[in-house]
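User: I would like to take a close look at a single part of this structure, namely one place where two helices pack together. Please describe that part and then place it within the rest of the chain.

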Amino acid sequence: MTVVRQQVTQARRIVVKVGSSSLTTASGGLDADRVDALVDVLAKIRDGGEKEIVLVSSGAIAAGLAPLGLARRPKGLARQQAAASVGQGLLVARYTASFARYGVRVGQVLLTADDTSRRAHYRNAYRTLDQLLTMGAVPVVNENDTVATDEIRFGDNDRLAALVAHLVRADLLVLLSDVDGLYDGDPARPTSTRIDEVRGPADIAHVETGGAGKAGVGTGGMATKVEAAGIATAAGVPVVLTSAVHAADALAGRATGTFFHRTGRRVTGRLLWLAHASTPQGALILDDGAVEAVVVGRKSLLPAGIAAVEGEFAAGDPVELRDARGSAVARGLVNFDAKEIPQLLGRSTRDLARDLGPAYEREVVHRDDLVVLRP
């Protein structure tokens with residue numbers, strides 16, 4: 001067996017993501033046979049207690065279509081949320097019944113991007129997932145579609161799965177779709193070839209990825225899966241991308257789908273969430289010296305280096321740090337409300353402490369709460 005597949009078979013904690021099209025019929029509604037087939041594979045993998053599974057499952061909106069008399073996925077956010085409200089209960093009930101055949105309990109975990117970009121919520125998400133795994137349950141994770149707005153959505157569960165894989169310190173991420181891997185062209189064309197391994201972005205720079213899957217009930221196409229693989233591998237988590245029907249082969253370490261090698265090492269979990277899951281609520285415009293200090297020196301952002309402030313935000317919100325040309329150079333959690341910052345611009349922390357009090361003798365964005373977006 002190759003080194004690639006050894007990384008799969010040796011993985012102890014595994015995040016598995018399955019898309020809507022692999023769980024439902026094209027007209028909406030859960031396909032019980034498909035759900036049971038997936039659970040059969042996952043239950044067998046975790047049998048004996050040596051492996052732990054976190055299941056990131058799409059399908060709530062798709063499952064709610066038929067019960068609400070909807071012929072296709074609605075475009076309006078409110079109708080999507082209504083479908084998710086009906087479908088999420090059906091989805092978890094189906095998983096609960098299916099895993100019960102093996103004496104396994106499941107725990108529902110619903111997340112929004114806003115939950116995961118804040119320090120306390122991030123820690124709580126980790127504790128909940130880790131405790132479920134410790135107690136022998138299978139966490140079933142989904143985006144909380146019933147309350148998420150366009151501004152705080154992950155956008156697709158592929159990216160959510162990559163972030164969850166890092167959050168729970170997974171050894172492997174498996175992305176299951178309706179396509180059996182990444183191809184160098186349209187998979188429907190006989191001239192297209194599946195790419196077996198990806199060692200870095202340069203390997204797939206020539207590949208064009210499409211939109212939503214064939215069934216048309218999900219939001220994630222191949223582009224979101226490649227993006228998710230990039231997030232996970234950059235954080236030290238290898239990825240297998242294949243179709244749901246090949247899940248057993250993928251988890252057994254057989255040569256199926258596309259294997260994405262690690263390209264980086266694990267980073268502070270919260271910073272990964274900040275970079276990929278948070279939505280900036282405003283922006284701070286930096287002078288050239290501050291850009292140099294933040295990007296090259298990896299230092300905190302002080303009031304003296306800020307030239308302007310944009311947007312409305314509160315202390316603790318994620319904000320974008322931009323250079324004088326408007327290009328984003330970093331993202332961080334701000335320590336002041338937007339309305340407080342204009343009086344701080346260009347001033348030293350010593351002067352601010354003298355004039356406004358000791359609470360103002362601190363960074364606007366601390367380096368521990370900051371992630372650089374460009375080298």
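Analyst: The following account begins with one helix pair and then turns to the chain around it. The model is predicted.

The pair consists of helix α2, which covers residues 32-46, and helix α4, which covers residues 77-100. Their axes lie 9 Å apart and form an angle of about 50 degrees. An angle under 35 degrees would count as roughly parallel, and one of 65 to 115 degrees as roughly perpendicular; α2 and α4 are therefore oblique to each other. The crossing of α2 past α4 is right-handed. On the side of α2, the residues that make the contact are Ala32, Val35, Asp36, Leu38, Val39 and Leu42. On the side of α4, they are Arg94, Tyr95, Ser98 and Phe99. Sorted by class, this contact comprises seven nonpolar residues, one polar residue and two charged residues.

The chain to which this pair belongs has 375 residues, of which 52% are buried. It contains 12 helices and 13 strands. If one considers contacts between residues at least 6 apart in sequence, 72% of them join residues at least 24 apart. The accessible surface of the chain amounts to about 16700 Å², and carbon and sulfur atoms account for 49% of that surface.

A further helix, α7, illustrates burial. This helix spans residues 157-167, and 11 of its 11 residues are buried, so α7 is largely enclosed by the rest of the structure. Its buried residues include the charged residues Asp158 and Arg159, as well as Leu160, Leu163, Val164 and Leu167.

After α7 comes Arg169, which has a positive phi. This arginine lies in the loop that joins α7 to β5, a strand covering 172-177. Its phi is near 60 degrees, and Arg169 is a residue other than glycine. Such a value deserves attention because most residues other than glycine have a negative phi. A second case is Arg298, whose phi is positive as well, near 55 degrees. Arg298 is found in the loop between α11 (288-296) and β10 (306-311). With a relative accessible area of 47%, Arg298 is partly exposed, since that class lies between the limits of 20% for buried and 50% for exposed.

To return to the part requested, α2 and α4 meet at an oblique angle, and Leu38 of α2 and Phe99 of α4 are among the residues in their contact.

Key
Residues numbered from 1 in each chain as written. Predicted model: local features only at pLDDT ≥ 70, side-chain atom pairs only at ≥ 80, totals over all residues. Heavy atoms only, no water. Axes fitted to C-alpha atoms, helices over the stretch in contact; angles between N-to-C directions. Helix = DSSP H or I, 4+ residues; strand = E, 2+ residues; numbered from the N terminus. Parallel < 35°, antiparallel > 145°, perpendicular 65-115°, else oblique. Left-handed = near helix turned anticlockwise from the far one by under 90°. Contact = heavy atoms within 4.5 Å. Buried < 20%, exposed > 50% of the residue type's maximum accessible area, 1.4 Å probe, protein only. Areas by Shrake-Rupley, 256 points an atom, 1.4 Å probe, with all protein chains shown as cover.
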